[in-house]
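Here are a few exercises to work through at your own pace. Have a look at the model first, then try each task before you read its solution.

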Amino acid sequence: MTVPHFHTRLSLGKDLQELGLRAGDMVMVHAAISTVGRLLSGPDVLIDALRDAVGPSGTIVAYTDWNGAYDELLDCDGRVPEEWRAHIAPFDPALSRAIRDNGVFPEFLRTTPGARRSANPGASVAAIGARAEWLTADHPLDYGYGEASPLAKLVEAGGKVLMVGAPLDTMTLLHHAEHLTPIPGKRLRRYEAPFATPAGVVWRMLEEFDTSEPVVDGLESDYFARIVTEFLAGGQGAQGPIGEAPSVLVDAASICSFAVAWLEQHVQPEN
């Protein structure tokens, strides 16, 4: 009988260390689990390997968003018709599922014992480790990718971003760069969301730059991938396999600054 090849906590940990993950790191992880290969014990083994790599003083982060799934009900003003409001489950950071679009990793991390989750529905992140509470606390409800957001804190803390087989255009940190870049014509999105509170469901209108497509006209839909590719081509960041997944590890502050400069260079000012 042929014994299948499995990637283990130990082997993945070695891969992470070879790529450059270190004890004490804060790292935001995007993972396409299917690209890693067969995992002994499933996706949790990658979380275990990450915890081994960053140690008890480190922190692991994932972008969760939430599985609200009611966008098609929003009218042109971003409001939900009254007859539908009672049918939409409110956002609860402790209970609401991560959006399905980003694979299984965020939901696995969110439901890991001890995980914390930030309170902005669409921009929410989950985190485990030494600074999880600090990272997820006080997430602004408006402009949730901007100042004082978990993304801003990741940069402030000298964190890293790890792409484990994930498409480069899914690097969520670059939405923070979009927020920071002083360019004209940024798309705005306003929509209302229901929140679970001790007093019952509370609806609130939220405002942010639109992250569902390029923030201004004239940019390619996957321009994040171009930014990351050019950053790596300049000799910054590290590339290598995690299991069987082609992976990338970058410094959060460095790639955010690079992205801001890239946007300033490539977006034409209004006349």
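This is a predicted model, in which local features need pLDDT of at least 70, side-chain atom pairs count only at pLDDT 80 or more, and totals for chains, interfaces and linings use all residues. Residues are numbered from 1 along each chain as its sequence is written, and side-chain values use heavy atoms, with hydrogens and water left out.

**Exercise 1.** Describe how helices α7 and α8 pack, and which residues meet.

*Solution.* Start with the elements: helices (H or I, at least four residues) and strands (E, at least two) are DSSP runs, numbered from the N terminus. Helix α7 covers residues 173-180 and helix α8 residues 223-233. Next, take the geometry: their axes are 11 Å apart, at an angle of about 100 degrees. Axes are lines fitted to C-alpha atoms, for helices over the stretch in contact, and angles run from 0 to 180 degrees between N-to-C directions. The two helices are therefore roughly perpendicular (65 to 115 degrees). Finally, look at the contact (heavy atoms within 4.5 Å): Leu174, His175 and Glu178 of α7 meet Tyr223, Phe224, Ile227 and Val228 of α8.

**Exercise 2.** Trace the strand order of the open sheet and find its edge strands.

*Solution.* Strands pair if DSSP finds at least two bridges between them. On that basis, 7 strands form an open sheet in the order β3-β4-β2-β1-β5-β9-β8, with mixed pairing. At the edges, β3 (116-117) and β8 (238-242) each pair on one side only. Now step inside the sheet: β1 (residues 26-31) and β5 (residues 160-164) run parallel, joined by 5 bridges. One bridge links His30 to Met163 in β5. To finish, add helix α9 (residues 252-266), which lies across β5 and β9 (245-251) at about 85 degrees to β9.

**Exercise 3.** Asp65 and Tyr143 have a positive phi; is each one buried or partly exposed?

*Solution.* As background, most residues other than glycine have a negative phi. Asp65, with phi of about 55 degrees, sits in the loop between β2 (59-63) and α3 (82-85). Its relative accessibility is 16%, so Asp65 counts as buried (under 20% relative accessible area; exposed is over 50%, partly exposed in between; 1.4 Å probe, protein chains only). Tyr143 has phi near 55 degrees and lies in the loop between α5 (132-136) and α6 (150-156). At 23%, Tyr143 counts as partly exposed.

How values were computed:
Angles under 35 degrees count as roughly parallel, over 145 as roughly antiparallel, 65 to 115 as roughly perpendicular and the rest as oblique.
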